[in-house]
Amino acid sequence: MSLSKTQKRTDNNIRLALTHVCEQSLKDIAGFEWLTHQVDYTHFPGSLFITCVFSDQQAQQNAIVQGNDKKLQKLIVAKLFAIGIKLSSIKQQVILDNEEACMLEHNGDWKLRLASRKGRTVARNRP
């Protein structure tokens, strides 16, 4: 499915914002390696999911213990908010993962690993 001009512009803005988050996190968070996003624009912004990848399980656990997971979430929220995107459920829309788990569970195939998570959904707000 092809993206509209507006969707392409939004996706580019998301990419730029997340690139800044990635560059900052590489400097500030030990074991952080990269991040990526997935989105279905028919259910945007509730379908925007960000995966933050660490080198291994220990680095991921250390980030959580040291509170760097919250720091990462806050930085993501701030950068996305600056471009007009508000996440409805940060804990469900931003997850941590690691290279070690991908290697063990998906033979190092990130495309397959991320595709297996496409079914993630965020509960709709109820009136």
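This is a short tour of one predicted model, from the whole chain down to one helix.

Residues are numbered from 1 along each chain as its sequence is written. In this predicted model local features need pLDDT of at least 70, side-chain atom pairs count only at pLDDT 80 or more, and totals for chains, interfaces and linings use all residues, while side-chain values use heavy atoms, with hydrogens and water left out.

**Whole chain.** Select the chain and show it as a cartoon. There are six helices and three strands (DSSP runs, H or I of at least four residues for helices and E of at least two for strands, numbered from the N terminus). Their order along the sequence is α-β-β-α-α-α-β-α-α. The radius of gyration, taken over C-alpha atoms, is 15 Å, close to the 14 Å from the globule rule (2.2 Å times the number of residues to the power 0.38), so the chain is as compact as a globular protein of 127 residues. The C-alpha trace spans about 40 × 30 × 30 Å along its principal axes.

**Helix H1.** Next, select residues 5-28, which form helix H1. The 24 residues should span 34 Å at 1.5 Å a residue (counting one less than the number of residues), and the end C-alpha atoms are 35 Å apart, which agrees.

**Its buried side.** Now select Gln7, Thr10, Asp11, Ile14, Ala17, Leu18, Val21, Cys22 and Ser25, the buried residues of H1 (under 20% relative accessible area, 1.4 Å probe, protein chains only). Add 32-38, 49-54 and 68-82: strand S1, strand S2 and helix H3 are among what covers them. Across the chain, 40% of the 127 residues count as buried.

Conventions. Buried < 20%, exposed > 50% of the residue type's maximum accessible area, 1.4 Å probe, protein only. Contact = heavy atoms within 4.5 Å.
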